[in-house]
Amino acid sequence: MSGHAQPARRKKSFPATMGISTRAIHGRKLFAYRGPVAEPIVQTTTYRFADSTDALRYAQGDPDVYVYTRYHNPTVHEAQDRLALMMGSAEVLLLSSGMAAITSAILSVAKTGDEILSTSSLYGGTYRFFRDILPRYGVKVRYVPPGRLEAVREMATKKTALVYCETPTNPTLSIVDIASLVHNVRKASARARRRIPIILDNTFATILNQNPFAFGVDVVVESATKYLGGHTDLMAGVVAGSSRFITGVHTQMKYLGGCADPFAAYLLLRSLKTFELRVLKQNANAMALAEFLEHHPRVKRVLYPGLPSHPDHATARAQMTGAGGAGYGGMVTIEVSGGVRGAVRVCDSLRVAVNAMSLGGVETLVSIPVYSSHVHMSASELSRQGVTPGMVRISAGIEAWDDLRDDFDRALRKTR
Ligand SMILES: Cc1ncc(COP(=O)(O)O)c(C=O)c1O
């Protein structure tokens, strides 16, 4: 490695027809390439200049000079390029966490006096950022009533900086109709005579199960801590979009400091190679769990977009067919009797599934939303987001199906 060549800016073309695993494994090194098979970790904070001409080149805006890892790093660039290939995005920026990605993307657009229109069911961290932090900077968030996406047209004003959306939502797994949202935002944009960007959090689905760009979404954000990382051992976040948009987010990242660590980027590169394998198995385990638990006598309700009983199943079927196939994701939410005490009893009785927060890893995890993602929310906030105390959120891992089935069956029967 020359130490100064910036791979993200020297893009070799790549056949668009290649499968997602091929892209994830080989990146642009698919053709004649001499070098290590596994990616090196460039674990440095700063870079030697050959002489001060390099410093001058940097000062004059030459993008090919590496200066400081908070600005750019070769391992981080490699991970970004790999993700851009997988997601079919012009550019990707890797940040230190999903929240760093979401907040930096939003702050690159919204300024004092602006408004954000958002769908109402959101990851708790995003919701709290909207509720507690943005108003301090004079940015207001208004929520589009669920199931009434056409309301975006009347709600959009000249203050509307962006439209934010998450689907499937956490933890109720309700589905926002992406095509309809895009259609209504475009109508609002036409009236406003400017394009209002749409940012979508694709963490629960991932690019394998849902491709928001295919519907005209402008920017995709994702917690790479979850399925992209997949081994519960790295924190990272992704913003994917046009070069212009990513340049703006990069500036925010540079000064807010949410840069990705080179070691996390290396772990992510390793993880991406098995991304498709893992997520396909997680999809299959989640579907099998949803079907099994739907008929279980101790389960009151199962929420999984792949079940025909799910209220948004038709929309999920239409839009959850991403770059690699037609899965409905690895997340299943169940409701058990006895409120939060019932949920606690189930979680404490499982042996294979792990009682822990987060999601998307190879191990099955369970968590209770009112104690985790939706803690410290009022009864009316919980009801607006459709969250009840007896809910248990399951992130299906890749364990043998029989072991998972027996584990949930035993834990549920024990907790009469
Ligand atoms: C849907 C969703 N978006 C964003 C995040 C934030 O990601 P991170 O924890 O990597 O900051 C999470 C975390 O649970 C999430 O579930």
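In the predicted model, 41 residues of domain 1 are in contact with 48 residues of domain 2. Domain 1 spans residues 16-272, and domain 2 covers residues 276-414. The centres of the two domains, taken over C-alpha atoms, are separated by 26 Å.

The nonpolar interior was examined next. In soluble globular proteins, nonpolar side chains tend to be buried together. The largest nonpolar core of this model comprises 62 residues, of which Ile106, Tyr164 and Val239 touch the most other members. Helix 4 (residues 98-107) makes the greatest contribution to this core, providing 5 residues. Both domains take part in the core, with at least three residues drawn from each of domain 1 and domain 2. A second core, separate from the one just described, contains 52 residues, among them Leu149, Tyr227, Leu269 and Leu272.

The surroundings of Val239 illustrate the packing in detail. When neighbours within four places in sequence are left aside, Val239 is in contact with Glu91, Val92, Leu93 and Leu95, as well as with Ala101 and Ala105. Further contacts of Val239 are made with Val219, Val220 and Val221, and with Phe245, Ile246 and Val249. Of these partners, Ala101 and Ala105 fall within the bounds of helix 4, residues 98-107.

Helix 5, formed by residues 124-133, has Gly124, Gly125, Thr126, Tyr127, Phe129 and Phe130 as its buried residues. The elements that cover these buried positions include helix 4 and helix 14 (379-384), together with strand 2 (115-119), strand 3 (140-144) and strand 4 (160-166). Helix 14, at residues 379-384, lies within the bounds of domain 2, residues 276-414, whereas helix 5, at residues 124-133, lies within those of domain 1, residues 16-272.

The ligand is surrounded by 16 residues, the closest being Gly98, Met99, Asp201, Ser223 and Thr225. Helix 4 supplies the largest share of this shell, with 3 residues. Several polar approaches to ligand oxygen atoms were identified. A polar backbone atom of Met99 lies 2.8 Å from an oxygen atom of the ligand. In the side chain of Thr225, an N or O atom is found 2.6 Å from a ligand oxygen atom. For Lys226, a polar side-chain atom is placed 3.0 Å from an oxygen atom of the ligand. The ligand taken alone exposes 390 Å², and 92% of that area is buried by the protein.

Helix 4 thus recurs in the description: this helix gives the most residues to the largest nonpolar core, forms part of the cover over the buried residues of helix 5, and contributes the largest share of the shell around the ligand.

How values were computed. Residues are numbered from 1 along each chain as its sequence is written. This is a predicted model: local features need pLDDT of at least 70, side-chain atom pairs count only at pLDDT 80 or more; totals for chains, interfaces and linings use all residues. Side-chain values use heavy atoms; hydrogens and water are left out. A nonpolar core is a set of buried Ala, Val, Leu, Ile, Met, Phe, Trp, Tyr and Cys residues joined through side-chain atoms within 4.5 Å. Buried means under 20% relative accessible area, exposed over 50%, partly exposed in between (1.4 Å probe, protein chains only). Helices (H or I, at least four residues) and strands (E, at least two) are DSSP runs, numbered from the N terminus. Domain bounds come from an automatic or database domain assignment. Contact means heavy atoms within 4.5 Å. A residue is near a molecule or strand if one of its heavy atoms lies within 4 Å of it. A polar contact is a pair of N or O atoms within 3.5 Å; within protein, one must be able to donate a hydrogen and the other to accept it, and residues adjacent in sequence count only if both atoms are side-chain atoms. Accessible areas come from the Shrake-Rupley method with a 1.4 Å probe; for residues, only the protein chains shown count as cover.
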